[in-house]
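Thank you all for coming; I would like to take a few minutes to walk through one model with you. Please have a look at it first, and then we will go through some strands, a ring pair and a helix packing.

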Amino acid sequence: MSSIQSLLTEQISNQNCVFVFPTDIACQKWADWVIRNTEVKAVAMERFLAWDKFKGECIRSEITELKTVPSIMRKIFAHCLIQKNAENPFFKSLIIKEYASEASSFADWISSILPSLKMWKNIREKQEKIQKISLSSDEDDSQFVKFYEEYKNSGFTDDEDEDFEILYSEYEKFLAENKLFDPAWVEPDFSGDGREYFLIYPETLEDWEQYRFKLSQEEKIHFVSVPENEGEYVSYFFENSSLELKNTALVLRRFHDEEKIEWSDMAVSVPNLDNFGSYIDREFSLFEIPHTLRYSRPLSSYGAASLFAQIQECVESRFSYESLKNLLLNEDLPWLNKAVIENLLLFGRMNNCICTAGDQESEHGKIVTVWDEAFKEPKDDRGNGINQDELIKNLYKNLVKYLVPLVNAQTFEEVRKKYEEFRETFFDMAEFQKMELSNNVLSRCISSLNEIVELEKAYPSYKVSSPFSFFVNHLSRVQYLSQGEVRAVQVYPYRTAAAAPYKVQIVLDSTQDSLSVAESFKMLDFMNENKRRLFIKIGEIDKSSGFADTDPTFDFVKMYQHSAAKHAYFSASRHAYNGEYGFAYGKMEKTVQFDSKIELPKLRFNRQEKGFTLWKCRLENEKEDSGFFEKSEEFTKMIQNRLHLLKENPEGKIKKNPLLLNKIEISQTALKNYFQCPRRWLFKNVFKLESLDNEAQLIDEYISGTLNHRIFELFFKTLSEEKEMLAPSDTDSEKLGEKFKEILVKSINTAVSDENLESAFKEVYGENFSKNKASRTTVRVISSQYKIDKKNPAETNPNFRLLEKSLAHLCALFRGCKVHAVEKEVQALPENSEEGYYFSGTVDCILSLPNERAFIIIDFKTTAVPTNIFVKEAEEGKPKKIIDFQLPMYIYLLENNIEEKERLNVETAAFYSIRECKESCLLGNAPNALKPDEKTTRENAELVIEEFKSYAKRFYEEITDEKFAVTRENQGRAVCTAKGEYNNCIDYHALCRRYFTVSGEKIK
């Protein structure tokens, strides 16, 4: 720092001296330093210039009749050139001919290389230099040698060179026709203004090599190089970024509290602020360190600016549920009628409005989406009234009305007009004024749009094919820096404040890879690497070419060390937030290793103290067997209603057996849900709480299983009516006979029909009243996959073949049996009929053996069958596994039917997997089973039945007590973190959660 201090102290009084710094931040900070540390009390800021401003002013002094080409016009030019190439391809290498018509994504890249083409052209014109290049005898890169010989034989020209020549020529023509100039194409003239210029640390400028030769000839321009090593370079190395950041917070607190250094005199630099930003914000806030993140981000990364990309996605995906949800739930926008928005998304989830089928794309020239179909015939909403809400239909129609013309606008001016119409219709503008960041970000977006509109008017002959798409892409390139607190620790991107005179300079994540700047200093990096090597050799021969590769990585380290008045602090970690493995920078003279322990702060800050207090209170209040709700009459009545307790039979409805009155109903589903987790059963079965998930599914949950069950039900119901015995085909054991095949086809078509009352998509109430329990999307998708007709014959339908194979296997297992009943509802009392409960269940299928004295229970499963069928002793140290209650309950129900005349002797009880064609028995075996299971004895089955009865009694007692206790057995990690189809506690984590996984570590 002393060299810059000395320079400023000596020369500040000389009004002809101008100081040029690498960045605006360094420029501003050194101007402040002069005022605080010299006799000068005011300085003219035109004497303190950042490098970019210095270049611009010098170039301006030479060319006054031309305008600087706006960066947006470069991109528009690139778009127009790509469109021109698509019509009649002339590029061979830059854009492959086969992809010329879909190369719009190349516009950003092509526009980015335009400024560098002048240097490329200048070096290309030095052909004699290329021809004089001779490879040294010790050249060990055989591929480069081979390339050089081939390139030399081709006259030092190939397809890439020809494409660059075309691009250069087209851009040069574009600039000339529109009276524009590109600053990078103009030979700078730094002479003649009579002032002395001091360039501070020029070797750390990315484009310095282009100007080095020219500026070194000027007597009035002086260079102040990065000083040599100053002091010892030390790096503090941690196990992970969390420890590194916590240590940084402690270091900042120590500098402020003990050394009394102001927060504004300390700076933190980070190579990757995108990864570190949110963590820095959290950690510094915990330690009450005022801070400002001083790094610009693309406009599109802000929630408010993402509006435009979300609008584009909506229209391009034809208003898919996901795109509409992302748009309407953008909390950075002040939407009107938020309740209507929520209802629209609820409607979309209920009706599976996930996407629009291709053949439904348009109707009478207007866009028709999955939403339009759903509004015509919506799925039953269980009385919520959502489907009858005209407001949600109007909201959707207005979205289509305003968004489609906006995205399809043909000019930028039309884009602006359509956006203003959209904004006035959907946004609460008064609320917008309260959302400062969103308001500022959107204002910046519209400011960019206004710039493009003005350019469109100024250069009307240059038009892009999709203005809105161009604008959305442009926002991803425009950088925006939100205003922050000045009197705070300033957090910068790495390199930005390297030359700034802070008292404390801290560099986080100073690993070998993070500190390296070599890639940023590669000139003409768009070229073939071997050609770049040739250009480097030319640069070595001709210094005026200004072409050389440099790596000032260590110069930046020295700058940080040199610019810190009191402390320069470098830290790094082995495991970074982004998952990368890091190594300490190799040129550090000393690396201090830290273990995983960081000393606790001596002080507790307010936010930390509140967090510790809340945690302590929660820990003290948590009990091993805690209840959840206080008993109340209203709560008791709700539970009784859910468990179908009736005190007397109501008039006009099917009457319940008098023995079942004043008792609660226990089903196998209730037992399964309850003993997996009492609270989950409460949320799902009693309160009927819906998941907070905002995702829509293409097919309703469980509908595939429901459909397969309905097909099997209809198939076996027909066999029962026609008194057919089960049997597969006589010629093929994996197929059905012709008559059974016809029955299966009819069963499938009935099940997938959206009109038949026996359809799997209908729920029937009374004789003639039915409701849809599946959306139109679900019906159309399922029907197209299952329905059998001339276009989709049974022989080629994979679902038919699967069902036929499964039924043929089932018929072979139980050959000779008849269907006794299908979907049989049964009730039974417990052994002690005075108990306050009874059992109820619906058996999928009951077969009778040929003697009709013994019967078989079959329960169908779409995929896998349960594995926890038998009673097993608990393993030591582990909770006892709960049995599957279904088959033991069904056996008990049939053998103890409350209607004594209908009691049956059960000989076999089995699960059957439709997809796996596999049975799993609890009692007995299939008559024609190839490998009978010896475990399926009556004795073992009775043990399971007794286990079921004991759980049922416990269920009744706990429900009556209404504590809904949580224990390690019924709410352990395996249950709370389950993600299975039928056991998913994640749905209720917002209400009840005991287990978490953080950074791979399981905590409670």
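How many bridges join strand β7 to strand β16? Strand β7 (residues 234–240) runs parallel to strand β16 (residues 567–575), and 5 bridges join them, where strands are DSSP runs of E with at least two residues, numbered from the N terminus, and two strands pair if DSSP finds at least two bridges between them. I should say early that this is a predicted model, in which local features need pLDDT of at least 70 and side-chain atom pairs count only at pLDDT 80 or more, while totals for chains, interfaces and linings use all residues. Residues are numbered from 1 along each chain as its sequence is written, and side-chain values use heavy atoms, with hydrogens and water left out.

Within this pairing, Phe237 has Ala572 of β16 as its bridge partner. β16 also pairs with strand β15 (residues 504–507), in the parallel sense and over 4 bridges, and there Ile506 is partnered by Tyr569.

Turning to the rings, the structure holds 66 aromatic pairs (ring centres of Phe, Tyr or Trp, the last by its six-membered ring, within 6.5 Å). One of them is Tyr236 with Tyr569, which is stacked (planes under 30 degrees apart), at 4.5 Å centre to centre and 10° between the planes. Because Tyr236 lies in β7 and Tyr569 in β16, this pair ties together parts that are 333 residues apart in sequence.

How values were computed. Phe/Tyr/Trp six-rings, centres within 6.5 Å; stacked < 30°, edge-to-face > 60°.
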